[in-house]
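Here are my notes on the empty spaces and the salt bridges, in the order I'd go through them. Have the model open while you read.

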Amino acid sequence: MALLMAAALPRAAAAPAAGSAPEIPFAERYRAVQHGGIARAANSAITCRAPATAAAAPCATAQGGKGVNGDYEMFYIDVDDDPNTYNSSRAHLGLPAGSRVSYARLYWGGNLRVGEQKPHKDNGRVLIAEPGGSYREVLADTLVGHRTTSQTDAYQASADVTGLVRDSGPGVYTVAQLNVAMGHSAAGAWGGWTLVVAYENEREPLRQLALWDGFQPLTGRRTAHRVTMTDLNLAADGRGSAGMVAYNGDRGVGGDTLTVASGNRAPVRLHNSANPVTDVMNSTISDHGKNVEQREPAYRNTLGYDSDVFDVSSALTRRSDSLTFAFGTRDEGYLAGVLYLAADADRRAAAGEGNGARR
């Protein structure tokens with residue numbers, strides 16, 4: 001992957017508070033019925049530096065396969081050449097030729113308390129550089145999820161970046177200065193970012209596009225959370241994909257699940273070769289079962305950050321107006337933050353619908 005040389009950017013004052021809450025209900029952020037789809041770019045912001053427990057394998061082994069963040073001394077990923085940034089990572093956004101960006105949103109988040117405690121005031125600020133460009137500041141434009149427990153201090157923030165991505169198009173995006181803590185703790189360090197992009201393209205099928213977000217903790221006491229997308233008008237026997245973002249899903253622990261149900265029918269358990277059926281939140285950035293390689297670094301184990309895309313076609317055997325996604329856990333849990341869908345629309349039902357609704 002070609003390196004993006006980012007110009008130095010002096011550190012600005014702390015971002016004004018966007019307001020925060022320990023839990024945010026999932027709600028629709030954007031929807032459209034159009035010929036097109038949803039693309040995304042994503043990467044983690046922190047990784048292991050050295051083993052911190054006797055049972056831990058070397059870092060290279062953990063980054064490529066097995067390992068959980070609580071077994072390691074964690075340190076920032078920093079791939080740029082800018083002395084003004086302490087963390088940065090890159091990922092490629094791919095769009096089909098002839099596409100027009102209709103909506104783009106950047107999500108970022110992490111754990112603020114590990115060996116160090118990072119200040120909350122920086123949660124709503126991040127830097128982004130478009131393909132071939134320099135860093136610019138992005139401030140959260142909506143309520144920030146921020147939940148403090150006895151072991152963690154976690155958050156998720158987001159911002160509308162439609163103009164930036166529409167003007168810049170596909171290519172390598174770099175995100176830096178994501179507020180995340182380094183060090184070692186039993187809970188471990190995690191953090192990352194995902195850029196979700198809805199696009200129009202007349203060569204692609206007519207699809208229902210929906211982007212939902214929130215901030216919902218799943219724990220040993222609260223083991224399930226459901227999100228129901230309504231008024232979808234999905235085609236029978238159609239094709240569809242769904243993506244999600246979650247935080248602090250440990251690999252190999254087991255018990256983390258994700259299902260989808262069409263209308264009142266039985267739920268289908270989502271899984272693939274990268275995401276086992278009982279370990280879906282397993283620290284991967286994957287696309288239909290394959291590790292996403294077009295990012296820097298491209299660790300197969302992000303040690304606590306999930307941004308995955310699944311095939312949901314098996315749930316679309318009949319025409320449907322709703323899909324219910326159910327996040328589940330039986331272990332220490334995780335934080336669910338983003339859910340999005342791109343699925344074939346029923347042409348008759350979608351004929352009168354408009355495009356591009358957002359909040």
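1. First, the term: a salt bridge here is a side-chain nitrogen of Lys or Arg within 4 Å of a carboxyl oxygen of Asp or Glu. With that cut-off, the structure has 18 salt bridges. Keep in mind that this is a predicted model.

2. Let's take a short-range pair to begin with. Arg-31 and Glu-28 form a salt bridge, with 3.7 Å between the closest N and O atoms. Arg-31 counts as buried because its relative accessible area is 15%, under the 20% limit. Glu-28, at 27%, is partly exposed.

3. Then there's Asp-122 with Lys-121, again a salt bridge, whose closest N and O atoms are 3.7 Å apart. Asp-122 is buried, at a relative accessible area of just 9%.

4. The pair I'd look up on screen is Arg-358 with Asp-160, where the closest N and O atoms sit 3.4 Å apart. This one ties together distant parts of the chain: Arg-358 belongs to strand 24 and Asp-160 to strand 10, 198 residues apart. Both ends are partly exposed, Arg-358 at 43% and Asp-160 at 32%. There is a network too: salt bridges with shared partners join Arg-29, Asp-213 and Arg-359.

5. Now the enclosed space. There is 1 cavity of 30 Å³ or more, and its volume is about 40 Å³. Its lining is made up of Tyr-30, Ile-38, Tyr-103, Val-196, Val-197, Ala-198 and Leu-211. Strand 2 and strand 12 each give two or more of these residues, with strand 12 giving the most, 3. What classes of residue are in the lining of this cavity? It has 7 nonpolar residues, no polar and no charged ones.

6. The largest pocket holds about 510 Å³ of space. It is lined by 27 residues, and Ile-38, Ala-39, Asp-287, His-288 and Val-309 are the closest to its centre. Ile-38 also appears in the cavity lining. Strand 2 supplies the largest share of the pocket lining, 6 residues. By class, the lining splits into 14 nonpolar, 7 polar and 6 charged residues.

7. Last, the second largest pocket, at about 260 Å³. Of its 16 lining residues, Arg-147, Thr-149, Thr-152, Asn-248 and Glu-332 are the closest to its centre. Strand 13 and strand 23 each supply at least two lining residues. Here the classes come to 7 nonpolar, 7 polar and 2 charged. Strand 23 also supplies at least two residues to the lining of the largest pocket.

How values were computed: Residues numbered from 1 in each chain as written. Predicted model: local features only at pLDDT ≥ 70, side-chain atom pairs only at ≥ 80, totals over all residues. Heavy atoms only, no water. 1 Å grid on protein atoms, 1.4 Å probe; cavity = no way out; pocket = protein on both sides within 12 Å on 5 of 7 lines; lining within 4 Å. Points joined across faces, edges and corners; volume = space filled by probe spheres on them. Helix = DSSP H or I, 4+ residues; strand = E, 2+ residues; numbered from the N terminus. Nonpolar A, V, L, I, M, F, W, Y, C, P; charged D, E, K, R; others polar. Buried < 20%, exposed > 50% of the residue type's maximum accessible area, 1.4 Å probe, protein only.
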